[in-house]
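Let's take a walk through a molecular model together. Have the picture ready and turn it as you read.

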Protein chains: 2
Amino acid sequence: MMAKGVVTIKDLADELGIAPSTVSKALRNNPAISEETRKKVNDLARRMNYKPNAIALSLRSNRTKTLGLVIPEIVHHFFSLVIAGIEDLAYDAGYNMIIFQTNESYNREVIGVQTLLASRVEGILISLSKETRNYDHLRNALDQGIPMVMFDRVTSDLETDKVTVDDYHGAYMAVNHLIRTGCRRISHLSGPPGLPIADLRRMGYSDALRDNNLEVNRDLIMYCDNFKQARIRTKQLMNMTQPPDAFFTVNDLTATGVIKSLLELAIPIPQQVSVIGFSNDELSQVTHPALSTVDQHGYQIGQASIQLLLDRLMAQGAALPFIHHVIKSELILRDSTRISILSE
Amino acid sequence: MMAKGVVTIKDLADELGIAPSTVSKALRNNPAISEETRKKVNDLARRMNYKPNAIALSLRSNRTKTLGLVIPEIVHHFFSLVIAGIEDLAYDAGYNMIIFQTNESYNREVIGVQTLLASRVEGILISLSKETRNYDHLRNALDQGIPMVMFDRVTSDLETDKVTVDDYHGAYMAVNHLIRTGCRRISHLSGPPGLPIADLRRMGYSDALRDNNLEVNRDLIMYCDNFKQARIRTKQLMNMTQPPDAFFTVNDLTATGVIKSLLELAIPIPQQVSVIGFSNDELSQVTHPALSTVDQHGYQIGQASIQLLLDRLMAQGAALPFIHHVIKSELILRDSTRISILSE
DNA sequence: CTGAAAGCGCTAACAT
DNA sequence: ATGTTAGCGCTTTCAG
């Protein structure tokens, strides 16, 4: 039983002196095959450690049982949660996942999608890179009849199933909570304009202020979405003649920068200044004080995305309506915000 | 130019009234083909958006340009770094990655490896699940001539290339630093016995103590590797008649649990108690005080692993010696440890 | 009940 | 310079 040249059906057939087609049928328990032959074949297959060649199967059946995932970054708590959600369900449904990381590059996204198409994936899950403004590569996939689901970073230029988190509402809830607990000068450290998730969170922030009859003060809004910048911005803001009494940040890491700076300035949190982040990353539990934040339910987003894709795959190309699944975000209150001081 | 049935070489051939093999040659710029035909073919291919079928190519060439990755958990900063390192180099080398998440289950690991074999991956990268004690599934792959690289969670029962971080040395350095800065009763919150990375870190801890003529006190060693348990253990330990003056933990999350508890007990860090974690996760920068820790260089581990695999793939099965690449870990000193008080 | 033949998409000998 | 044939591993008619 030489190891080298992987065992094929033909090897089994030769060994038993029967036809390959008979072996094939025996292996798939085709009732047309005698019980005896079937047993002989299956036994030998086990002994020779025969494993069907998935490539040959794919070529014949035109089914690869493989799905493609295109994602900006793997090293990102939220995205890794999404991947886990996708993987788990894909696995249960018997699909393999080919994963492409774009590193936020449009070019790599295009190449990634093309490679997936060449690999004949049966469907594509994608979260757009920050650079992506042109969607021809995706249109191309769609034209070839490859079902696609976009999640988190989506575009309205394309008709596909979509899954997003309700960023707007999450931000609105967060800011509303700050106001209800007595904050009046709420600063927002926001992501780059044009990035939908950042825009939506900024809108949620602004609307919550307006709905509570507070003015939106441009001086309190900064474009700042990382730890280092947050350190600087926080000190600038706290130096204002009328400093903020709360920070709402576009993500958790930025919030931790704010907390760190406030701690250094010996400003009590949340007594003097409240802080709310966005994402519910692992790190939000370990800051001191623990960070209040908005959970994006990454795992569920992954599950919802792959489920939509599987549904469409099941439907065999029947014209299902496109679904935009909006996952509820959730306000997680920890210790960086005050307890509600106004009744509901 | 109907979208549906993906375009094949035969379609191009029919369209131009020439033979498929001629089209094939023309597309690969075979010099035996006239400049004219070559142009005609390539133009049409572009117009009809022809894309070679990777499956057919694989079947013919017996090369899939696909590698398999089996990993315990994607949602884990360290592992996601490793994946990123692998992805980036694999991409440059023109390989696709199929990823399998075992969720630390031995069964899923076995199935994962089998699926990868069925998909005819050209090589396998694997980090063992915590449950794995039997290696037949891997031996099987090896017997089929599939090159394999094990990283981080490896076993000496198998002859393969390996990449690990020098856990022992990292732990040794960490504890040595604690001692040099005056700590004498150093507690170790360790991972489960039997898990190599936990054992090595525990050994590094013990040896550093012994080499500095300090006794290894079993009462100061606890099996505790997560945030929640750390909260409980820390309080227990600090209640001892002779409480520890330092904690060395098996990972960063555990260390943050320690810090949180110490903060609640109003014990000054690092003046009274020092803390060192392990991993250099993102969260180690955001604790207060910022956590001293040992960096595992996950990205580099990923790169080293895929590089070994690519080397072996290049070597075409020539008998390269097996390499065990040990990546240097690095002691990262932040604010949870004291400045050195003894000269080097 | 078993086998021969054809074909999935592609390419490499081997003609012509 | 182009075409014909065969075959990668498998399954599925269709005959026997």
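We begin with the two chains, move on to the DNA strands, and end with helices and a few backbone details.

This is a predicted model, in which local features need pLDDT of at least 70, side-chain atom pairs count only at pLDDT 80 or more, and totals for chains, interfaces and linings use all residues. Residues are numbered from 1 along each chain as its sequence is written, while chains are lettered from A and ligands numbered from 1 in the order in which they are written.

How is chain B related to chain A? A turn of 180° with a shift of 0.0 Å along the axis lays chain B on chain A, with an RMSD of 0.1 Å (the copies are superposed by least squares on the C-alpha atoms of residues with pLDDT of at least 70 in both). That is the relation of a two-fold axis. Both copies use the same surface: 100% of the contact residues of chain B recur in chain A. Here, two residues are in contact if their C-beta atoms, placed from the backbone, lie within 7 Å.

Now look at where the chains meet. In chain B, 42 residues are in contact with 42 residues of chain A. On the chain B side, H4, helix H5 (77–92), strand S2 (96–101), helix H6 (106–118) and helix H11 (252–264) each supply at least two residues. Helices (H or I, at least four residues) and strands (E, at least two) are DSSP runs, numbered from the N terminus. By class, this side of chain B has 21 nonpolar, 14 polar and 7 charged residues. Ala, Val, Leu, Ile, Met, Phe, Trp, Tyr, Cys and Pro count as nonpolar, Asp, Glu, Lys and Arg as charged, and the others, Gly among them, as polar.

Next comes the DNA. Strand C is surrounded by 23 residues, and the closest are A:Ser21, B:Thr8, B:Ile9, B:Ser21 and B:Ser24; a residue is near a strand if its C-beta atom, placed from the backbone, lies within 6 Å of it. H4(B) gives the largest share of the surface near DNA strand C, 4 residues. Around DNA strand D there are 24 residues, of which A:Thr8, A:Ile9, A:Ser21, B:Ile18 and B:Ser21 come nearest. For DNA strand D, the largest share of the surface, 5 residues, comes from H2(A).

Let's turn to helix packing in chain A. Helix H1 (residues 9–16) and helix H3 (residues 35–47) of chain A pack at an angle of about 120°, with their axes 10 Å apart. Axes are lines fitted to C-alpha atoms, for helices over the stretch in contact, and angles run from 0 to 180 degrees between N-to-C directions. H1(A) and H3(A) are therefore oblique to each other: angles under 35 degrees count as roughly parallel, over 145 as roughly antiparallel, 65 to 115 as roughly perpendicular and the rest as oblique. A:Leu12, A:Glu15 and A:Leu16 of H1(A) meet A:Lys40, A:Val41, A:Leu44 and A:Ala45 of H3(A) in this contact. These residues divide into 5 nonpolar, no polar and 2 charged.

Finally, some backbone details. A:His288 and A:Pro289 are joined by a cis peptide bond, with omega about 0°, and A:Pro289 is found in the loop between strand S9 (274–276) and strand S10 (293–295) of chain A. A:His297, a residue other than glycine, has a positive phi near 55°.
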